[in-house]
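Reader: I would like a close look at one part of this model, followed strand by strand, with the cut-offs behind each term stated as you go. Please take the pairing of strands as the subject.

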Amino acid sequence: MEMRSDLMDAHMYAFKRSVLQEVLDVKDTFQSLKEDVLPYLVRSQLKSEALLNRTPQGEENSNEKVSSQNNQAFISRILANASTPSFHGIYSENPDGSSSTRKTHKCCVYIASSSSYCVRLNSIQAFMDINRDVTGDADHLLSPNNIIGPSPKLGTKTTVGPNCRLGEGSEMGDKCQVKRSIIGRHCRIGSHVKVVNSVVMNHVTIGDGCIIQGSVICCNVQLQERVELKDCQVGAGFVVTAGSEYKAESLAKKEK
């Protein structure tokens, strides 16, 4: 058994449907996969009636010694056989070597290699960092023709700097600048627009003279002329009126 303290939970879990349903049927108060379901499965996967019904304390020392030796031998066999598919599939082994019909669950962990790219995305900042990574140090995750998508239309004197991605079917007007940013598919960007350290998702319309810095613009957003955004998040379908200036704000449609 190897103990590690240098790993991080990626918060990505895959379950067999019947196993998850079985757990929820028994433990209907469980609320969290991480805090409730996973610890329960890890605890239950190696349990057996032999361990649960071991000799109580207070019995004769000789019996305690024999019970302890049997349990230690049983645990050793469990750990030795835990990597075999047959062990976890349909049976568990009793201390005397016989088979038990008690079904066990198999809990496994995938550990990404040092050369793999694996990041936990649980914040706006992490989202921004990941987007920059895949066009920078981790650009091997994208094929070369994905950096500038097929059939882009760039106006005169428009520049798309390094560590950027321009999606398929997007159009940019004259004298625009894009630096360290992601532009999604089928976006319409006017002239004299500057986009820096930002993520612009699909089907976004940006009017002339807009300046976007450190922001996330979701799908189907409309930025009218001369809008300035810095460190903002704009929700899907939101319309930012002409000449507006926002800093460190979240803009979204009000729920009806």
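Author: Two strands are said to pair if DSSP finds at least two bridges between them. Strands themselves are DSSP runs (E, at least two residues), as helices are (H or I, at least four residues), and both are numbered from the N terminus. The model is a predicted one, in which local features need pLDDT of at least 70 and side-chain atom pairs count only at pLDDT 80 or more, while totals for chains, interfaces and linings use all residues. Residues are numbered from 1 along each chain as its sequence is written, and side-chain values use heavy atoms, with hydrogens and water left out.

Consider the sheet that holds strand 10. It is an open sheet of 6 strands with parallel pairing, and its order reads 4-7-10-13-16-19. At its edges stand strand 4 (159–160) and strand 19 (245–247), each of which has a single partner strand, so one side of each lacks a neighbour in the sheet. Away from those edges, strand 10 (residues 194–196) runs parallel to strand 13 (residues 211–213), and 3 bridges join the two. Within this pair, V196 has Q213 of strand 13 as its bridge partner. The loop that lies between strand 9 (188–189) and strand 10 contains H192, a residue whose phi is positive, at about 60°, although H192 is not a glycine.

A further open sheet is built from 6 strands in the order 5-8-11-14-17-20, again with parallel pairing. Here the edge positions belong to strand 5 (165–166) and strand 20 (250–251), and because each has a single partner strand, one side of each is left without a neighbour in the sheet. Strand 14 pairs with strand 17 (residues 233–234) in the parallel sense, over 2 bridges. In that pair I217 is matched with V234 of strand 17 as its bridge partner. If you follow the chain from strand 14 (216–217) towards strand 15 (222–223), the loop between them is where N220 is placed, and the phi of N220, which is likewise not a glycine, takes a positive value near 65°.

For contrast with the strands, it is worth turning to a pair of helices. Helix 1 (residues 17–26) and helix 2 (residues 33–44) have axes that come within 11 Å and cross at roughly 105°, where axes are lines fitted to C-alpha atoms over the stretch in contact and angles run from 0 to 180 degrees between N-to-C directions. That crossing makes helix 1 roughly perpendicular to helix 2, a label given to angles of 65 to 115 degrees. The contact (heavy atoms within 4.5 Å) is made by V19, L20, V23 and V26 on helix 1, and by L33, V37, Y40 and L41 on helix 2.

Terms used: Parallel < 35°, antiparallel > 145°, perpendicular 65-115°, else oblique.
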